[in-house]
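Here is a briefing on one protein model. It covers a helix, the nonpolar packing and the charged pairs.

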Amino acid sequence: MYMSIDRETALKQLGPRHLDLLRQCLERAWDKYEALIRPVLPLCHPTAQATIIREFILEEVRHVFAGEVGITLRDDPTGDRFLLEVNGFFVIQFRKLTTDFHTVNNPTETSKAFDRQEQIEGYPALPRLTAGYQLGQYRTDFSGIWLAFLVGNELQWYHDLRTGEYPITLDFPRPHDGAADLEKEEERRRKTEEDDQREEKA
């Protein structure tokens, strides 16, 4: 049995103010990357870029959310996992996201259990959301900033932190879609995810 939370409950617990603060933290992190890192490392490797941006995000979150009512910063001293707990309802992690809204991280057994919403010793027994960003084609801008809830690799819902929209599109098979077409689409999705993971490990 996995832990779950619906979009309406999550957004209500965060409220407009904290949702906007999340957006600001991610956008400021990008601004810092552009101002401080790109001028000296214009061809920064994707893995290094993701690591640096995440560190900038976490520093913004530590500063902005410290002392906020209902917010607990769970800052692992080992640096392995930083979580933002909201009113005892759920926690938020901060990650780069693929185009399929999968988190980009080192796929350890713990991280896989974390994404599957399974209870893990030493972690709060609460649903885990991801506040994350997607990069544009040339990695020169954020193409999206999102709050998302996944169970394993399955996206349950997401929320656009810039516009406040949640444009989930359900894919219904078209009349001409046969089993072979669906299988090809699934293979394409798997290949995209594997390419993203290889890029991060390279």
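The points below are grouped by topic. This is a predicted model: local features need pLDDT of at least 70, side-chain atom pairs count only at pLDDT 80 or more, and totals for chains, interfaces and linings use all residues. Residues are numbered from 1 along each chain as its sequence is written, and side-chain values use heavy atoms, without hydrogens and water.

**Helix α2**
- Helix α2 spans residues 46–65 (helices are DSSP runs of H or I, at least four residues; strands are runs of E, at least two; both numbered from the N terminus).
- Its 20 residues reach 28 Å from first C-alpha to last, close to the expected 28 Å (1.5 Å times one less than the number of residues).
- Gly 67, just after α2, has a positive phi of about 85 degrees.

**Nonpolar core**
- The largest nonpolar core has 40 residues. Such a core is a set of buried Ala, Val, Leu, Ile, Met, Phe, Trp, Tyr and Cys residues joined through side-chain atoms within 4.5 Å.
- Buried means under 20% relative accessible area, exposed over 50%, partly exposed in between (1.4 Å probe, protein chains only).
- Phe 65, Ile 92, Phe 94, Leu 129 and Leu 147 touch the most other members.
- Helix α1 gives the most to this core, with 12 residues.

**Salt bridges**
- The count is 12 (a side-chain nitrogen of Lys or Arg within 4 Å of a carboxyl oxygen of Asp or Glu).
- Arg 28 pairs with Glu 60, with closest N and O atoms 3.8 Å apart. Arg 28 lies in α1 and Glu 60 in α2, so the pair ties together parts 32 residues apart in sequence.
- Glu 60 is buried at 8%; Arg 28 is partly exposed at 36%.
- Asp 20, Arg 23, Glu 27 and Arg 162 form a salt-bridge network.
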